[in-house]
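Below, the strand pairings of this structure are described, followed by the surroundings of its ligand.

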Amino acid sequence: MDKLIIEGGQPLHGVITVNGSKNAALPILLASILLEGAQDFDNVPNLRDIRTTLKLLQLLGCQCRHEGHTVHVEPGPLVPEAPYDLVRTMRASVLCLGPLLARLGRARVALPGGCAIGARPVDQHLKGLEKMGATFTLEEGNIIGSCSRLHGAEISLDMPTVGGTENLIMAAALAEGTTLLCNAAREPEIIDLANFLNSCGARIKGQGTSTIEIEGVTSLKGSRYAIMPDRIEAGTFLACVGITGGRLVLQNCPVDALEAVFRTLQNMGMRFETTDEGLVASMDGDLRATDLRTQPYPGFPTDMQAQVMAMMCLAHGVSLVDERIFENRFMHALELVRMGADIQLTGHTALIRGVDHLNGAPVMASDLRASASLIVAGLAAHGTTQIRRIYHLDRGYERIEEKLSAVGARIRREHEDD
Ligand code: UD1
């Protein structure tokens, strides 16, 4: 098992190129199930979750080739079964349910269980698909779905779920008639999915708003599509330079998708400028405390909460974090406390009193963004931080230690026997 070792205290200076978005790539790759004909994807990040998705696509009957940041998918005869072994390592596997029902009229997909950051049910996915004509039973932990051709429906989601919106857009793309999806999620990754499907012949309007209209078509053709850049990877680098001080240029940064993050980081004292070279983020002087509440897009993203909380640990004054998307998404807080942070947790809020400095310590990553938060803290801490269980990190960040070393951080990966 690998661990990261960080010697804190180096300001960051230099240029980092942001990768393609993991959360956009996962549904878009799985949307290959809907296609007749081959598809090429560009700007696909090289991550564990992507490799898991390609493994799933292969089990479902597609041929996949992954070279660098390009993926080639050749759909073959489909097998409608997503086994538990894959679904339990990556919840997003459940996104094959809509496409399988749309293409084959049947699917057997393991029900994702709880995970480190909360229960995360899929009731909204199932409710929407039922409205389109599917029926479901639960057998031995698997969702068994069947239908004749799905039909358009008016579906109102109880909450703007990202995965639910994606599953339903994919199913509706090949359904008979028009689907109106109300209270849909508005995340940039949903716009990317809809744009991709439209490039294959789908008729989707309203992506990026709460009401999405999908007029079903009878078939979708493959083409070539470049995945959008990763706003959370970009935001994580912003938090890194925010806590160490310095100046970073982010190339390929999805500036429009980061507005809420910019506002919070500006409140804390950071400066941003869009230039021909890329987004310039700089920080000098002391961090100021601020408050944040996670919300569905365009609100502050829950996937950036942990990284910004690490910054708050060193900000002057008292900050409040209100986590409204996932229960139990404060696992990083307890590790930050091991590094000397002053954090008080009450239900879904965290009160952070800024301290003078953090101390390096051995800490444990508990989920993807918690790992990123410990890197942010370690970059500024006095002494050495060792982060264990970084397999979580490898799900969502490609070569992060190499990218950070290139801009001045003292961070390295070491292999450790179990
Ligand atoms: C996606 C992102 C994840 C991000 C999250 C919120 C991917 C692969 N993952 O996850 O990184 O943190 O959006 O921005 O894109 N819910 C229900 N019933 C449902 C579906 C969801 O109650 O059927 C609840 C969940 O428990 C959670 C909230 O809705 O409390 C948001 O979940 P959702 O938007 O679906 O997140 P994911 O798509 O799983």
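Two strands count as paired if DSSP finds at least two bridges between them. Strands (E, at least two residues) and helices (H or I, at least four residues) are DSSP runs, numbered from the N terminus. This is a predicted model, in which local features need pLDDT of at least 70 and side-chain atom pairs count only at pLDDT 80 or more, while totals for chains, interfaces and linings use all residues. Residues are numbered from 1 along each chain as its sequence is written, and side-chain values use heavy atoms, with hydrogens and water left out.

Strand β4 (residues 39–42) runs antiparallel to strand β6 (residues 70–75), and 3 bridges join them. Phe-41 has Val-71 in β6 as its bridge partner. β6 also pairs with strand β5 (residues 62–67), again in the antiparallel sense, over 6 bridges; here Gln-63 is matched by Glu-74 in β6 as its bridge partner. The hairpin of β5 and β6 has 2 residues between the strands, and in this hairpin Gly-68 takes a positive phi near 60°.

A further sheet is open and consists of 4 strands in the order β2-β17-β19-β18, with mixed pairing. β2 (12–17) and β18 (271–274) are its edge strands, each pairing on one side only. On average, neighbouring strands of this sheet are turned by 15° against each other, direction ignored; the axes behind such angles are lines fitted to C-alpha atoms, for helices over the stretch in contact, and angles run from 0 to 180 degrees between N-to-C directions. β2 runs parallel to strand β17 (residues 246–251), to which 6 bridges join it. Within this pairing, Val-249 in β17 is the bridge partner of Val-15.

The ligand has 18 residues around it, of which Asp-123, Gln-124, Thr-161, Asp-303 and Ile-325 come nearest (a residue is near a molecule if one of its heavy atoms lies within 4 Å of it). An oxygen atom of the ligand lies 2.7 Å from a polar backbone atom of Gln-124. Side chains also approach ligand oxygen atoms: an N or O atom of Thr-161 is at 2.7 Å, and one of Asp-303 is at 2.6 Å. The protein covers 83% of the 740 Å² of accessible area that the ligand has on its own, by the Shrake-Rupley method with a 1.4 Å probe.

Elements giving two or more residues to the shell around the ligand are α1 (22–30), α5 (123–131) and α6 (162–173). The largest share, 3 residues, comes from α5.

How values were computed. A polar contact is a pair of N or O atoms within 3.5 Å; within protein, one must be able to donate a hydrogen and the other to accept it, and residues adjacent in sequence count only if both atoms are side-chain atoms.
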